[in-house]
Amino acid sequence: MNKKLGFIGCGQMGQAMIQGMIDAGLVEAEQIAATALSDETIDFVTDEYGIQISNDNKRLARESEILFLAVKPYVYQGVIQEIRDEVPEDTVVVTVAAGITLDAMKEAFGKNVKVIRSMPNTPSLVGAGMSVLCPNDFVTKQELAEVMEVFESFGEAEVVEEKLMDTVPALSGSSPAFVYMFIEAMADGAVNEGFPRDKAYKLAAQSVMGAAKMVLETGRHPGDLKDAVCTPGGTTIAGVTKLEEEGFRNAVIQTMTACTERSRQLGKGTK
Ligand SMILES: NC(=O)C1=CN([C@@H]2O[C@H](COP(=O)(O)OP(=O)(O)OC[C@H]3O[C@@H](n4cnc5c(N)ncnc54)[C@H](OP(=O)(O)O)[C@@H]3O)[C@@H](O)[C@H]2O)C=CC1
Ligand SMILES: O=C(O)[C@@H]1CCC=N1
């Protein structure tokens, strides 16, 4: 990839993507530039990643061929007002934000701009990201393929219709946090039984990773894989019974709904 990539905003998500694409060898650090607000972030990112970083959004917008907006949703309006006259016609703008729609981008820019709405996740930092993209009508196949190449450098990437984008945080953008809670709770339970904490995290995390790989690589139904672990009268079915009693599945389903609804609210500008 020989494009100049720009990140307006370089916090948790921006840094995860940058580290992921540098580690993958997709780009050299010199091809990436970014902006942030604080000197603290600017100094940290300079030392940690060796990319160019400043607080000059206008210049970054002028000089980037693919421009990622990795700021919080409520910062979008202000940033777009600042950069809208600077973005070259053939630059592809990639939103990295829950809720921000393609229509909202058109309205904020006040003109037709090439936009791809994206929702990555922080495991991109270790090359295990899951990103979902949705282009507007002005993005060519070739441009979408180039942006896909960026996201695929640090994990898997899928394209979906925009009506599905508000559910993506629930499934992949936010869900790492839910899985961390699950791992932490498993470890707490094991520590309560006298297990050392560091080993508890390792056993829980490796098992979550292994189970995920089984779903992805065997193609078997998750329920079938679950059944294969349940020895009649054994330990697993005792645990499954307890999870059902405590409403585990329903808690997860309601979580997906709450997360989707929050994405829709963010899209309407609700703080
Ligand atoms: N965190 C996650 O797991 C995921 C986040 N996202 C999306 O990514 C976006 C960013 O989230 P996240 O990285 O977590 O947030 P962070 O707060 O970690 O990062 C936001 C960055 O934006 C910078 N910033 C704020 N205002 C401006 C401005 N006016 N001009 C330039 N830079 C600015 C901040 O600078 P400074 O550091 O100096 O404050 C910071 O570097 C959000 O829209 C979120 O929805 C999507 C998927 C997953
Ligand atoms: O919590 C959020 O709103 C962002 C979007 C997905 C993950 N973090």
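**Helix α5 and the ligand 1 shell**

Student: Which elements do the buried residues of α5 pack against?
Tutor: The model is predicted: local features need pLDDT of at least 70, side-chain atom pairs count only at pLDDT 80 or more, and totals for chains, interfaces and linings use all residues. Residues are numbered from 1 along each chain as written, chains are lettered from A and ligands numbered from 1 in written order. Contact means C-beta atoms, placed from the backbone, within 7 Å; helices (H or I, at least four residues) and strands (E, at least two) are DSSP runs, numbered from the N terminus. The buried residues of α5 pack against β5 (92–96), β6 (114–119) and α12 (248–267).

Student: Why do the buried residues L102, A104 and M105 lie on the same side of α5?
Tutor: Buried means 20 or more other C-beta atoms within 10 Å of a residue's own, exposed 12 or fewer, with C-beta atoms placed from the backbone. L102, A104 and M105 are buried in α5 (residues 102–109). They share a side because their arc, taken from the directions from the helix axis to the C-beta atoms, is only 160°.

Student: Which exposed residues does the other face of α5 carry?
Tutor: This face is turned away from the buried side of α5. Its exposed residues are D103 and E107.

Student: Which element gives the most to the shell around ligand 1?
Tutor: A residue is near if its C-beta atom, placed from the backbone, lies within 6 Å. Of the 28 residues around ligand 1, G9, G11, S38, T41 and A97 come nearest. Elements giving two or more residues are α1 (12–23) and α4 (76–83). With three residues, the most comes from α1.

Note on methods:
Contact = placed C-beta atoms within 7 Å.
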